[in-house]
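Notebook open, viewer open. I'm jotting down what I look up as I go, starting with how the parts sit relative to each other.

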Amino acid sequence: MKTDVIELEKKYLIQTYARAPLILERGKGCWVWDVNGKKYLDFVSGLGVNALGHAHPRLTKVIRDQAGKLIHASNLYYHRYQGLLAERLAKVTGMDRAFFCNSGTEAIEGAIKLARGYAAHHGKGKFEVVALDNSFHGRTIGALSATGQEKYRKDFEPLVPGFHFVPLNDVKQLQMRVNENTCALILEPVQGEGGIFEVSREFMQTAAKLARQVNALLIMDEIQSGLGRTGEYLASKSLGAQPDIVALAKPIAGGLPLGVILAREEVASGLTAGMHGTTFGGGPLICRVALEFLDVIEKEKILKNVRKTGEYMRKKLLALKKKYPFIRDVRGRGLMLAIDLAMPSRSFVQLALDRGLIINSTHDTVLRFLPPLIIEKKHVDQFYKIMDEIFAATEWEGK
Ligand SMILES: Cc1ncc(COP(=O)(O)O)c(C=O)c1O
């Protein structure tokens, strides 16, 4: 079975993914099982997507029920769930209006269009965007143009003109780069794929102030950090800045594809009828599941759990750092955490898999942890035990 599945993919798929040799069959809560029946503790949750774990009974029930009624309606017509979802998102984020699409990268595309559309409607026709080095905003050409990592960009140049980059938390460079031609600033409050680096409060506040000064829009990419991952609905909130546009995606529809652009009332006028659209975005099945997701987050006090268990996990990571000198850094907040190693991190993924734990390696030396938001202390203890075992057996020559 294992070789069949892998060989078939190797033969027929465009080879864009360096997959681990793990064939997943089913999941329940924080656990998944492979085709051979081996059980794994999932500390990646589909890259931050399966926030309520696997096969959550409330999500499963709603999916079954709505699939038998109406899966897709097209955006030519109304259905009852889009408005309800937009209202709910407005309530929890403090934003005003929503547009629904199908992925993170598509939300970023829409956010950039909204910013440029807004600038066009407000006279100046300016189009420049200031983004951050080491950022990750997605793989489509617009989102890639905002992504400050050469390795993703280099084979696709020339990208969209008008994007400029400054180093994370370098307030001076930011002040030098933002000017009257800037139509938007885009940033992740916590850089995810880039290795879990947080935007400082000072940098965030400067970005917001500069944006106001030059009449540019502040776009917050909360695709990975948003909707509970850091213990808040928006990670940018605790940094004290009011974004004009927010991009969301990953966890919102329990594993079904949904991206969201949120905008402040005035800014939303940047896109009017005919300027933007999508066939699949915001269908009845997906919107109803997202409503259920938000309801579970609230009723089951998930954000509180993220803050509490996240803090516990952070302490455990710091304990590992104390024990093993090759752990250079522990970063992140809530359940968006990482350790930085003094050696390549990739081989640790397989070592963890061998012991029944799923973790992720990013940015060469970083191990990133994005467990389901429902994890408990006992799951963190098990995670710690396995990592401790792996690190104890790690040979390291350095100091
Ligand atoms: C911060 C951020 N923005 C954008 C994206 C792109 O999202 P998607 O893979 O759904 O296109 C990601 C995906 O990892 C992300 O983490």
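**Entry 1: two domains**

I checked the spacing of the domains first: the C-alpha centres of domain 1 and domain 2 lie 26 Å apart. Note to self: this is a predicted model. Domain 1 is made of two stretches, 2–55 and 301–392, while domain 2 covers 70–299.

Next I looked at who takes part in the contact. Domain 1 puts in 25 residues and domain 2 puts in 21. On the domain 1 side, the elements that each supply at least two residues are helix H2 (45–48), helix H12 (302–323) and strands E13 (327–333), E14 (336–341) and E17 (366–369). Which of these gives the most to the side of domain 1 that touches domain 2? H12 does, with five residues. I also sorted that side by class and got twelve nonpolar, eight polar and five charged residues.

**Entry 2: the four-stranded sheet**

Since E13, E14 and E17 turned up at the contact, I followed them into their sheet. They belong to an open sheet of four strands, ordered E13-E14-E17-E16 and paired antiparallel. E13 and strand E16 (360–362) are the edge strands, each pairing on one side only. From one strand to the next, the twist averages 25°.

I zoomed in on the E14 and E17 pair, which is antiparallel and joined by four bridges. Aspartate 340 has valine 366 of E17 as its bridge partner. H12 shows up again here: it packs on the sheet and touches E13 and E14, with its direction at about 175° to that of E13.

**Entry 3: the seven-stranded sheet**

I moved on to the other sheet. This one is open too, with seven strands in the order E4-E12-E11-E10-E7-E5-E6 and mixed pairing. Strands E4 (97–101) and E6 (163–166) are at the edges with a single partner strand each, so each has one side without a neighbour in the sheet. The twist averages 20° from one strand to the next.

Then I went through some of the pairs:

- E10 (residues 217–221) and E11 pair in the parallel sense over three bridges, and isoleucine 219 stands opposite isoleucine 245 in E11.
- E11 and E12 (residues 259–263) run antiparallel and are joined by four bridges, with alanine 247 opposite isoleucine 261 in E12.
- E5 (residues 128–132) and E7 (residues 182–187) are parallel, with three bridges, and valine 130 has leucine 185 of E7 as its bridge partner.

I spent a bit longer on E11 (residues 245–248). Are its side chains buried or exposed? Ile245 and Ala247 point one way, Val246 and Leu248 point the other way, and all are buried.

For what lies across the strands, I noted two helices. H4 lies across E4, E11 and E12, at about 125° to E4. H9 (residues 201–213) lies across E7 and E10, at about 145° to E10.

**Entry 4: two helices, checked for length and burial**

I did the ruler test on H5 (residues 104–121). Its 18 residues should span 26 Å at 1.5 Å a residue, and the end C-alpha atoms are 25 Å apart, which agrees. I counted burial as well: 14 of the 18 residues of H5 are buried, so this helix is largely enclosed by the rest of the structure.

Same test on H11 (residues 284–299): it has 16 residues and reaches 22 Å from first C-alpha to last, close to the 22 Å expected. Its buried residues include Leu285, Ile286, Val289, Phe293 and Ile297, and also Arg288 and Glu292. I asked what covers the buried residues of H11, and the cover includes H3 (57–67), H4 (80–93) and H12. Just after H11, lysine 301 takes a positive phi of about 50°.

**Entry 5: glutamate 198**

Last lookup. Glutamate 198 sits in strand E9 (residues 197–198). Why does glutamate 198 count as buried? Because it has 21 C-beta neighbours inside 10 Å, and the cut-off for buried is 20 or more. I also took the distance to phenylalanine 391: glutamate 198 is 193 residues away from it in sequence and 26 Å away in space, C-alpha to C-alpha.

Notes:
Residues are numbered from 1 along each chain as its sequence is written. This is a predicted model: local features need pLDDT of at least 70, side-chain atom pairs count only at pLDDT 80 or more; totals for chains, interfaces and linings use all residues. Domain bounds come from an automatic or database domain assignment. Two residues are in contact if their C-beta atoms, placed from the backbone, lie within 7 Å. Ala, Val, Leu, Ile, Met, Phe, Trp, Tyr, Cys and Pro count as nonpolar, Asp, Glu, Lys and Arg as charged, and the others, Gly among them, as polar. Two strands pair if DSSP finds at least two bridges between them. Axes are lines fitted to C-alpha atoms, for helices over the stretch in contact, and angles run from 0 to 180 degrees between N-to-C directions. The expected span of a helix is 1.5 Å times one less than its number of residues. A residue is buried if 20 or more other C-beta atoms lie within 10 Å of its own, exposed if 12 or fewer, and partly exposed in between; C-beta atoms are placed from the backbone.
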